[in-house]
Amino acid sequence: DKLDEEGPSYIVGNFEWKIHCEKDKDQLGIYVEVNNPCPESSDWTCEADIRMSLVDQKSGYRWIRFFSATFSNEDNEAGEDKFKKWLDVLHDYNYVKDNTLVVEADIKIKNTTGMLMSPEKSLSTSGWFNKSAYKDEENSYSE
């Protein structure tokens, strides 16, 4: 019944990004987290536009939410606590297949301060990054 998973890391614009999702009571929360890109300094920021998607594994339909966030050493995570009701995740479309949820985080870096920016502000030519699947072999994602 517990879902608290973190996906693999991806480097975009000199930042290491991870997707994190968790079930809290009757809600699925989905977040992106950035690790400190400059360990010798805590004075950095990263402004980004983010598109979070929960993917139907049969049709490819996406439940999408957009937001902007400014990340820093003090505030390195952003997302939605109430991305989608858990019962809707289980019963709408085909979000859960073989005990797996597929979550996408598309991030476009707009601006940074306190560090050098690499030329790669995104991972793909469309300006977005990362596709990640979550699987828990021991726990069933059920009601």
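Is Glu104 buried or exposed? Glu104 is buried, with a relative accessible area of 4%. That makes a friendly starting point for a look at the charged pairs in this predicted model.

**Salt bridges**

Side chains of opposite charge can pair when their charged atoms come close. In this structure there are 4 salt bridges, and three of them are set out here.

| Acidic residue | Basic residue | N to O distance |
|---|---|---|
| Asp106 | Arg51 | 2.1 Å |
| Glu104 | Arg62 | 2.8 Å |
| Asp92 | Lys84 | 3.7 Å |

Let's take the pair of Asp106 and Arg51 to begin with, where the closest N and O atoms are 2.1 Å apart. Asp106 sits in strand E9 (residues 100-113) and Arg51 in strand E5 (residues 45-55), so this salt bridge ties together parts that are 55 residues apart in sequence. The two partners also differ in their surroundings: Asp106 is buried, at a relative accessible area of 5%, whereas Arg51 is partly exposed, at 22% relative accessibility.

Now back to Glu104, whose side chain meets that of Arg62 in a salt bridge of 2.8 Å, N to O. Here, too, distant parts of the chain are linked: Arg62 belongs to strand E6 (residues 62-72) and Glu104 to strand E9, with their positions 42 residues apart in sequence. Glu104 has a relative accessible area of 4% and counts as buried, while Arg62 is partly exposed at 30% relative accessibility.

**Around Lys84**

In the pair of Asp92 and Lys84, the N to O distance is 3.7 Å. This time the basic partner is the buried one: Lys84 has a relative accessible area of 6%, and Asp92 is partly exposed with 27%.

What does Lys84 touch, leaving aside residues up to four places away in sequence? Lys84, which lies in strand E7 (residues 77-85), is in contact with Gln27, Leu28, Leu54, Trp63, Val89, Asp92 and Tyr95. Its salt-bridge partner Asp92 is thus part of that contact list, alongside residues such as Trp63 and Tyr95.

**Cysteines**

How many disulfides does a search of the whole structure find? The search returns 0 disulfides. As for individual cysteines, Cys21 is buried, with a relative accessible area of 0%, and Cys46 is likewise buried, at 0% relative accessibility.

Terms used. Residues are numbered from 1 along each chain as its sequence is written. This is a predicted model: local features need pLDDT of at least 70, side-chain atom pairs count only at pLDDT 80 or more; totals for chains, interfaces and linings use all residues. Side-chain values use heavy atoms; hydrogens and water are left out. Helices (H or I, at least four residues) and strands (E, at least two) are DSSP runs, numbered from the N terminus. Buried means under 20% relative accessible area, exposed over 50%, partly exposed in between (1.4 Å probe, protein chains only). A disulfide is a pair of cysteine sulfur atoms within 2.5 Å. Contact means heavy atoms within 4.5 Å.
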